[in-house]
Amino acid sequence: MFKKILAAIAVTAGLLVAAPAAANAVDYTNGAQCSFDVSVVEAGGSATLICIPGTWSPGEAIDWTVTGQNGASFKLASFSTADSSLHFVKHSNADGSDVLSVTLPADASGTYSVVGHGQTSGHECPATLTVLPADQASSTINDPGSSDGLAHTGSVVATWAIWMGGSLVVLGLIALALIAWLRKVKTTS
């Protein structure tokens, strides 16, 4: 029995020592994925593609390709170009990050795919953006429970449930105090 316990302890210790080493074997920031700050945008709207530091090699030239309906009309606020095209090259920052501010065409619809390919690292970073067509876009979303059209950002627990729970706790404490007082009165008489 003692040998089995000792073997279990040895296996557990081995796993505890090996797990951190395995987790540190990969540089998670190198080659990280880029993502848009929003997943859905209205036609004619803007979005920002963010690549965290370490995604690319410092100062690396990145081939960016935009595909989607009318992708040639993509406007890039962070990259100065005379004409917008489906393909362009931009250099990453000194820390390996990159930020693209994009404006969608007014007649955009469907899904746009933006893919970056590092010329030095060979890392490929795809990101997608879903576009609501201009005729389906909603300017405001009204919450039926809110008079000002703002979303509820607090608890989902009803206020009456909180008061009921608090009242039960107070009643329980009063009952415990009464029981303790009655026991004390019994023992002294």
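# Strands, sheet edges and a nonpolar patch

There are 2 helices and 9 strands in the protein chain of this predicted model.

User: In what sequence do the elements of the protein chain run from the N terminus on?

Analyst: The protein chain holds 2 helices and 9 strands. Read from the N terminus, the order of the elements is α-β-β-β-β-β-β-β-β-β-α.

User: What is the strand order of the open sheet of 5 strands?

Analyst: The pairing in this open sheet is mixed. Neighbouring strands in the sheet are turned against each other by 30° on average, with direction ignored. The strand order is β2-β9-β8-β4-β6.

User: Which strands stand at the edges of that sheet, and why is one side of each left without a neighbour?

Analyst: An edge strand here has a single partner strand, so one side of it has no neighbour in the sheet. This applies to residues 40-42 and to residues 87-91. The strands are β2 and β6.

User: Which residue in β9 stands opposite Glu42?

Analyst: β2 pairs with β9, residues 124-132, in the parallel sense. That pairing runs over 3 bridges. The residue opposite Glu42 in β9 is Leu132.

User: Which residue in β7 is the bridge partner of Ile50?

Analyst: β3 covers residues 46-51 and pairs with β1, residues 35-36, in the antiparallel sense over 2 bridges. In that pairing Ser35 stands opposite Ile50. β3 also pairs with β7, residues 98-103, in the antiparallel sense over 6 bridges. In β7 the bridge partner of Ile50 is Val99.

User: What percentage of contacts between residues at least 6 apart in sequence join residues at least 24 apart?

Analyst: A contact here means heavy atoms within 4.5 Å. Among contacts in the protein chain between residues at least 6 apart, the share that joins residues at least 24 apart is 67%.

User: What share of the exposed area of the protein chain do carbon and sulfur atoms supply?

Analyst: Of the 189 residues of the protein chain, 23% count as buried. The chain exposes about 12600 Å². The share supplied by carbon and sulfur atoms is 65%.

User: What is the area of the nonpolar surface patch that includes Met164?

Analyst: Met164 lies in helix α2, residues 159-188. Among the other residues of the patch are Trp160, Leu168, Ile174, Trp181 and Val185. The area of the patch is about 1100 Å².

User: Why does Met164 count as partly exposed?

Analyst: Partly exposed covers the range between buried, under 20% relative accessible area, and exposed, over 50%. Met164 falls in that range because its relative accessible area is 47%.

Conventions
Residues are numbered from 1 along each chain as its sequence is written. This is a predicted model: local features need pLDDT of at least 70, side-chain atom pairs count only at pLDDT 80 or more; totals for chains, interfaces and linings use all residues. Side-chain values use heavy atoms; hydrogens and water are left out. Two strands pair if DSSP finds at least two bridges between them. Helices (H or I, at least four residues) and strands (E, at least two) are DSSP runs, numbered from the N terminus. Axes are lines fitted to C-alpha atoms, for helices over the stretch in contact, and angles run from 0 to 180 degrees between N-to-C directions. Buried means under 20% relative accessible area, exposed over 50%, partly exposed in between (1.4 Å probe, protein chains only). Accessible areas come from the Shrake-Rupley method with a 1.4 Å probe; for residues, only the protein chains shown count as cover. Patches are made of residues with over 30% relative accessible area and no salt bridge: like charges are joined within 9 Å, nonpolar side chains (Val, Leu, Ile, Met, Phe, Trp, Tyr) within 5 Å. A salt bridge is a side-chain nitrogen of Lys or Arg within 4 Å of a carboxyl oxygen of Asp or Glu.
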